[in-house]
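The following exercises concern salt bridges, strand pairing and surface exposure in one protein model. Please work through each task before reading its solution.

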Amino acid sequence: MPSGAGRPAPAEYRIEDLAHHSGATVRTIRAYQDRGLLPRPERRGRSNVYGDTHLARLRQIADLLDRGYTLASIKELLEAWDAGRGLGGVLGLVAEVDGPWTDEKADRISREDLDATFGGKPDEDAIREAIELGVLERVPDRDDEFLVPSPQELAVAAELYEAGVPLTAISGHLRELRVQVEHIASRFLEFTTEHVFARYLEHRPPTDADAAEAATMVRRLRPLAQQTVDAELARAMRLFATRHLQHHLSADPPPVRDEEPRPVALPAGTIRAVQRLVGAENVSAFIAAAAEREVQTRTLDALSSNPASEG
């Protein structure tokens, strides 16, 4: 019996067929070839013939693009793969980092239930705000249902609304809180990269073995950030909630807040730097938010360093 008898012949594709099976356009496939991301096809007479290796490579590229990688970094990874350094560990690390960082499962909610939860009346502005913040996501071809990435976050908003907090105040608080949490996440990543992951990532791209070890470390360290934040938030809430209550139970009247806006002169260089960062139309909002954040930080520092006197 001849060797290979009974095995299916390797798949062959014209460029249009490859585009159909991969989801990429013909123009994209040719661009990938020009950039060295995709091997050249086999030439047969006047026709170019592609195979399953081309299809697999296109799917790898699409997956990495979906995960936020640039074409330049994808080329480095694929060149390492082609050079025999392996890509399995790197893709495992990518999947580990890109995977869920919480055990919470997404849910769905009907428009009717959503309206009933928040006052019983449709509020299109609130819906748009929630979608912009990612609290809700639209379901394709469904106007009467939404995806809820974090049911806990939506439940917190519902409880606050039930307690009398306006929806605009809830969304504003979430935006402010998100800035603080993103800063914490960034600092945790910088810290762990410096002290843990630097040794695994010294090669660009990392070796297959180093990437696999780094993925194992990600699994070990994944819960630490949330555990640390939970513990520190509980400590801070206990400290400041007690002081806050003491302040409001005090016989002394609270200070009168001065809400009158006042002009502030800033150096021209500072204004230009902010414009480059956020755009001219957002300069005022950025400076106001930065100033408010600094005031809040200093207030918390002052409270922490000056414990309330007893008795």
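**Exercise 1. Classify the exposure of Asp 144 and describe its charged partners.**

Solution. Asp 144 has a relative accessible area of 40% and is therefore partly exposed; the class lies between buried (under 20%) and exposed (over 50%), with a 1.4 Å probe and protein chains only. The model is predicted: local features need pLDDT of at least 70, side-chain atom pairs count only at pLDDT 80 or more, and totals for chains, interfaces and linings use all residues. Residues are numbered from 1 along each chain as its sequence is written, and side-chain values use heavy atoms, leaving out hydrogens and water.

Next, consider the partner. Asp 144 and Arg 142 meet through their side chains in a salt bridge, at 3.0 Å from N to O; the term requires a side-chain nitrogen of Lys or Arg within 4 Å of a carboxyl oxygen of Asp or Glu. Salt bridges with shared partners join Arg 108, Arg 142, Asp 144 and Glu 145 into one network. Arg 142 is likewise partly exposed, because its relative accessibility is 38%.

**Exercise 2. Determine how the strands β3, β5 and β4 are arranged.**

Solution. The three strands form an open sheet in the order β3-β5-β4, with antiparallel pairing. Strands are DSSP runs (E, at least two residues), as helices are (H or I, at least four), numbered from the N terminus; two strands pair if DSSP finds at least two bridges between them. The edges are β3 (107-110) and β4 (137-139), each of which pairs on one side only. From one strand to the next, the twist averages 40°, where axes are lines fitted to C-alpha atoms, for helices over the stretch in contact, and angles between N-to-C directions run from 0 to 180 degrees.

Turning to one pair, β4 and β5 (residues 142-148) run antiparallel and are joined by three bridges. Arg 138 has Phe 146 in β5 as its bridge partner.

**Exercise 3. Which parts of the chain does the salt bridge between Arg 111 and Glu 124 link?**

Solution. The closest N and O atoms of Arg 111 and Glu 124 are 2.8 Å apart. This pair links distant parts of the chain, 13 residues apart: Arg 111 in helix α6 (residues 111-117) and Glu 124 in helix α7 (residues 124-133). Arg 111 counts as buried because its relative accessible area is 14%, whereas Glu 124, at 40%, is partly exposed. The count of salt bridges comes to 14.

**Exercise 4. Is Arg 222 buried or exposed, and which residues does it contact?**

Solution. Arg 222 belongs to helix α10. Its relative accessible area is 16%, so Arg 222 is buried. Apart from neighbours within four places in sequence, Arg 222 is in contact (heavy atoms within 4.5 Å) with Glu 96, Gly 99, Pro 100 and Trp 101.

**Exercise 5. Identify the residues of the nonpolar surface patch and the helix with the largest share.**

Solution. The patch consists of Ile 184, Val 229, Leu 233 and Met 237, with about 350 Å² of accessible area together. Such patches join nonpolar side chains (Val, Leu, Ile, Met, Phe, Trp, Tyr) within 5 Å, or like charges within 9 Å, among residues with over 30% relative accessible area and no salt bridge. Areas come from the Shrake-Rupley method with a 1.4 Å probe; for residues, only the protein chains shown count as cover. Helix α10 (residues 208-249) supplies the largest share, three residues. Val 229 lies in this helix and, at a relative accessible area of 35%, is partly exposed.
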